[in-house]
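Here is a short report on one protein model. It starts with a pair of helices and works outward to single residues and the whole chain.

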Amino acid sequence: MDFRIFSKSALALSAFALIGLSATDPVVAQDAVDYSQESNWLCLPENPRACEIDMSTTVIEANGNTRMQAWSDNPLAHIDCFYVYPTVSQDNSPNSDMVAGPEEYNVVRSQFARLGSECRTFAPLYRQVTLPALRARISGDDSMAAPDTQMGYNDVLNAWNHYLENYNNGRGVVLVGHSQGAGVLTRLIVNEIENKPVQEQILSAMLLGTTVQVPDGRNVGGTFTSMPVCESAGQIGCIISYVTFRSDVPPPNNASFGRNGNGTYAVCTNPAQLAKGANELHAYLSNTQADGFSSEGPAPWVDGGMAIHTPFVSVPGLLSGECVNNGRFHYLEITVNADPGDPRTDEIVGDVMNPDGSVNAGWGLHLIDVNVAMGDLQAIVHEQSRTWELQR
């Protein structure tokens, strides 16, 4: 049951590693996107677009028994979630356009829409550095013009300001980003949020698939000056960050994520530990090929079982996570608790693949950083919302 990931989608890159930004780079003036136009958003409360989607799930127990799990959003939620998506655009240009394609819709479904049960959802389109541009940069191909590395940040900054001015009204906000999106949010926090009044409204910043640094032995400082690492589900005003690697494929020396610094270490917050004090991960894994990630259609989840048609599956007990610091890297180690004696699959996808079909170990399980703990992240947002309401 080994179906894996094409390298064309493997370039959902981290923060600034290959884009060349730093969190303190100046903002450069450009033609601004008009975020009063609903078409420039993937998700808005009055026009949910990509967030108005079937999120139903089949729960598959180890013994092969299945049950349906329904899902619905909560338009009366008391808090908001603001999401910046990773590098997904297949536009054949250095920066993406402002027309949402299947890839933008699919990543919202995979990484963000489920949080709509806990918060109002906001997801701006932005002119990100595209996958073709990143592939060209990695391969040394100079036939494509260099991407404008400021453009996407400026767009998200404008979208954030529009949100604050027109939608926020003093509400608490969870920031959610993955890979390039997490890098953009890191910069936004440093430049526009920390040590300013709006910081009081930040319930958490979920900066996933990127590397956030803190000084050795501390939970605040480093990348951010005043926002600490989350230590409990109900804590607010804090950071959640991790990168994932398989337990049997640890990060090699050239790994792209989770690298400790000189006197600092990469943050690893285990969402399962925060949510329930255990290492068993509450994953929501994709059951479709529509994401454009699978090299083939999904293999059967249960040997000899009926085909499963929901867009997501949940596999209790199959995955566990533990933060591991091996000196060079600090990361969320994912163990697949395989049991060849039961009928449920013992394999998950998420590896980044090289063109020759081998696993690119340096990327870990980057493509499913969010999915492996989606249920736990949802539970954390629920608890942070409760804390916010109690403190109001």
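Helices H3 and H4 pack against each other at an angle of about 55°, and their axes lie 10 Å apart. This comes from a predicted model. Two packed helices are described by the angle between their axes and the distance between the axes. Are H3 and H4 parallel, perpendicular or oblique to each other? They are oblique, because angles from 65 to 115 degrees count as roughly perpendicular and those under 35 degrees as roughly parallel. The crossing of H3 and H4 is right-handed.

Which residues meet where H3 and H4 pack? From H3 come Tyr153, Val156, Leu157 and Trp160. From H4 come Val184, Arg187, Leu188, Asn191, Glu192 and Ile193. An α-helix has 3.6 residues a turn, so residues three or four places apart point the same way.

Next come the loops that follow these helices. H3 covers residues 151-168, and the loop between H3 and strand E6 holds Asn169. H4 covers residues 180-193, and Asn195 sits in the loop between H4 and strand E7. Asn169 is not a glycine, yet its phi is positive. Asn195 is likewise a residue other than glycine with a positive phi. The table sets out the two residues.

| Residue | Loop | Phi | Relative accessible area |
|---|---|---|---|
| Asn169 | between H3 and E6 | about 50° | 69% |
| Asn195 | between H4 and E7 | near 65° | 58% |

Are these two residues buried or exposed? Asn169 is exposed. Asn195 counts as exposed too. The cut-off for exposed is over 50%.

Helix H6 spans residues 374-391, which makes 18 residues. From its first C-alpha to its last, H6 reaches 26 Å, close to the 26 Å expected at 1.5 Å a residue. Its buried residues include Met374, Leu377, Ile380, Val381 and Trp388. Polar names are on that list as well, among them Asp376, Gln378, Gln384, Ser385 and Thr387. What covers them? The cover includes helix H1 (102-111) and helix H5 (271-276). Strands E4 (80-84), E6 (173-178), E7 (202-208) and E9 (238-240) are also part of it. E6 and E7 are thus named again here, after bounding the loops of Asn169 and Asn195.

Now two buried residues from elsewhere in the chain. Trp301 lies in the loop between strand E12 (285-286) and strand E13 (312-314). Its relative accessible area is 9%, so Trp301 is buried. Leaving out residues up to four places away in sequence, Trp301 touches Ile60, Leu285, Ser286, Asn287, Ile308, Val313, Pro343, Arg344 and Thr345. How far apart are Trp301 and Arg344 in sequence and in space? They are 43 residues apart in sequence and 5.9 Å apart in space, C-alpha to C-alpha.

Ser320 is in strand E14, which runs over residues 319-325. With a relative accessible area of 17%, Ser320 is buried. The cut-off for buried is under 20%. Beyond residues up to four places away in sequence, Ser320 touches Asn279, Glu280, Leu281, Glu333, Ile334, Thr335 and Asn337.

Last, the whole protein. It has 6 helices and 15 strands. Of its 392 residues, 58% are buried. Among contacts with a separation of 6 or more, 79% join residues 24 or more positions apart. The protein exposes about 15,200 Å², and carbon and sulfur atoms supply 48% of that area.

Notes
Residues numbered from 1 in each chain as written. Predicted model: local features only at pLDDT ≥ 70, side-chain atom pairs only at ≥ 80, totals over all residues. Heavy atoms only, no water. Helix = DSSP H or I, 4+ residues; strand = E, 2+ residues; numbered from the N terminus. Expected span 1.5 Å × (residues − 1). Buried < 20%, exposed > 50% of the residue type's maximum accessible area, 1.4 Å probe, protein only. Contact = heavy atoms within 4.5 Å. Areas by Shrake-Rupley, 256 points an atom, 1.4 Å probe, with all protein chains shown as cover. Axes fitted to C-alpha atoms, helices over the stretch in contact; angles between N-to-C directions. Parallel < 35°, antiparallel > 145°, perpendicular 65-115°, else oblique. Left-handed = near helix turned anticlockwise from the far one by under 90°.
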